[in-house]
Amino acid sequence: MMNIRMINLCLFALTYLVVAKASLYDRDVHVQTFTEKEVFDQSVLQSDGVWFVQFCKNDNEKCQKSVPIFSKTAEITKGFFHLAMVDMESEGGQAIANDYSTAKLPAHYIFSPESKPKKYTGDLDVSQKLLQALMDETVNIFQHRNGAQMNMNENKESSSSSSKSSVKDLVVDATESSYDEVVLNNPNVVLVAFVAPWCGYCKKLEPEWTEAAQRLEKEAVTVVRVDATAQEKLAGIYGVKGFPTIKYFPGGPNKTHDMAQDLPVQREAGPIVEFALKMVDQTGVPRKIDEMISQEVFEETCNGKNKICVLAVLPHILDSGANGRNKYLETLSAVQKVFRSGGAYQFLWFEGGNMQLKLESTLELTFGYPAIVAVSLDRGAYSVLRGSFKEAGISSFLNGVITGRQPTIKMNGELPTVQTSEPWDGEDGSAIEEEEMSLDEIMGWGDDDDDKDGGEL
């Protein structure tokens with residue numbers, strides 16, 4: 001009898017240990033759990049996609065609380081991104097974690113084939129910050145691959161110096177005489193870098209600062225550079241002692257010197273752009289989606305490498321009214337917020353069934369309005385949204401375009417020229433009143449015609 005009790009007790013203890021060692025996501029089909037370094041390296045580090053990885057221990061209270069949110073995020077983003085957990089209680093999990101900063105749990109990293117792993121410290125639910133972080137990596141993959149392909153087709157004799165010189169520098173150089181106009185009286189969010197010509201760290205910042213300015217060109221953000229060695233008075237006002245020193249000002253006019261704050265992100269284009277756009281949403285004027293009223297607007301917005309132009313074709317103003325059109329534009333603005341940080345997508349809209357009928361026909365936009373088409377001029381291809389005109393549907397479509405899941409159509413030659421039109425005045429439309437005609441005018445009878453009632457033919 002004693003032996004049977006001992007056996008049952010041992011079986012109970014063994015069962016408890018097995019259950020206790022179960023991973024947090026063992027029953028979650030959307031979250032992969034890694035316990036072996038070799039498998040992690042092959043699946044994540046050698047992957048062609050973007051991974052969002054959580055480092056956790058099963059008995060960690062914060063890890064346990066994060067499970068429902070992380071699982072829901074994995075379910076929503078399935079098909080676009082991979083979500084996984086590294087079980088740090090396993091020997092292999094510990095070996096994986098040794099390569100990353102995991103002192104505080106849960107720790108999260110974003111892995112991409114075209115960049116180094118990046119630690120993520122934001123919310124775990126499907127927030128704008130998380131989507132932007134994951135989309136930034138997706139855009140980087142697209143730009144890197146497309147850029148590499150374009151480079152293969154470019155003339156090998158083009159020198160690196162000439163390509164650098166062709167890059168437009170959108171950074172504004174400010175001096176003591178121009179500082180008030182460029183910074184303090186500027187309604188935009190303003191980023192200011194105080195630099196020195198001899199500073200090595202400043203030279204390292206320069207390409208990142210220039211790229212940030214390019215990506216923020218059409219946003220309510222001004223990127224500024226001040227040579228602190230030549231503008232010592234300005235440097236003194238802000239207590240500049242080291243280089244580079246980077247300050248930011250919130251959006252709004254009538255700024256003062258004491259509004260300046262230290263830039264709280266890494267000195268890389270991606271984090272700088274993400275932070276600037278966040279400040280625009282909080283204090284500045286969000287970017288307005290331009291109306292495509294001419295060929296010039298179309299080319300200025302859509303020409304260039306690695307650009308995908310999203311054209312929204314909205315119903316005629318007589319069909320939707322001003323209120324309906326503004327609701328469509330609000331939907332587009334919400335989508336643009338999610339995708340704007342990467343810089344690949346550019347947005348335009350125009351009225352359907354009016355001036356651009358040839359363009360609509362060429363791009364197969366003949367099934368009604370509103371409609372969406374994504375166009376890449378440098379690749380000569382386009383893709384049409386076949387789903388509903390809703391934020392979730394448009395976002396899913398654009399994710400599919402940039403990840404290659406959405407089928408594209410090759411253009412047959414150049415697109416028709418955009419016809420010049422008057423911009424929308426923001427008001428409801430008014431139908432053209434037709435002038436009433438008398439029977440005499442319809443029949444062509446004159447006042448002096450004596451044969452109104454009929455006569456000989």
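**Notes on the loops and cores of this model**

1. P244 sits in the loop between α9 (232–237) and β9 (245–249); helices (H or I, at least four residues) and strands (E, at least two) are DSSP runs, numbered from the N terminus. A cis peptide bond links P244 to F243, with omega at about -10°. Please keep in mind that this is a predicted model, where local features need pLDDT of at least 70 and side-chain atom pairs count only at pLDDT 80 or more, while totals for chains, interfaces and linings use all residues. Residues are numbered from 1 along each chain as its sequence is written, and side-chain values use heavy atoms, leaving out hydrogens and water.

2. The loop between α13 (357–362) and β14 is worth a visit too, as P370 is found there. Y369 and P370 are joined by a cis peptide bond, with omega at about 0°. E364 lies in that loop between α13 and β14 as well. Although E364 is not a glycine, its phi is positive, about 60°. With 32% relative accessibility, E364 counts as partly exposed (buried is under 20% relative accessible area, exposed over 50%, partly exposed in between; 1.4 Å probe, protein chains only).

3. N254 belongs to the loop between β9 and β10 (261–262). N254 also has a positive phi, near 55°, and is a residue other than glycine. Its relative accessible area of 59% makes N254 exposed.

4. Now for the interior. The largest nonpolar core (buried Ala, Val, Leu, Ile, Met, Phe, Trp, Tyr and Cys residues joined through side-chain atoms within 4.5 Å) has 61 residues. F40, F52, F55, Y345, I372 and L398 have the most contacts inside this core. Helix α5 (residues 128–153) gives the largest share of the core, seven residues. Another core, apart from this one, has 26 residues, with W209, A213, V223 and I272 among them.

5. F40 makes a handy starting point for a tour of the largest core. Beyond neighbours within four places in sequence, F40 is in contact (heavy atoms within 4.5 Å) with F34, L45, V53, V86, I96, Y100 and F111.

6. Finally, the chain as a whole. Its 457 residues are 43% buried, and the chain has 15 helices and 16 strands. Of the contacts between residues at least 6 apart in sequence, 73% join residues at least 24 apart. About 25,900 Å² of the chain is exposed, with carbon and sulfur atoms supplying 49% of it (accessible areas by the Shrake-Rupley method with a 1.4 Å probe; for residues, only the protein chains shown count as cover).
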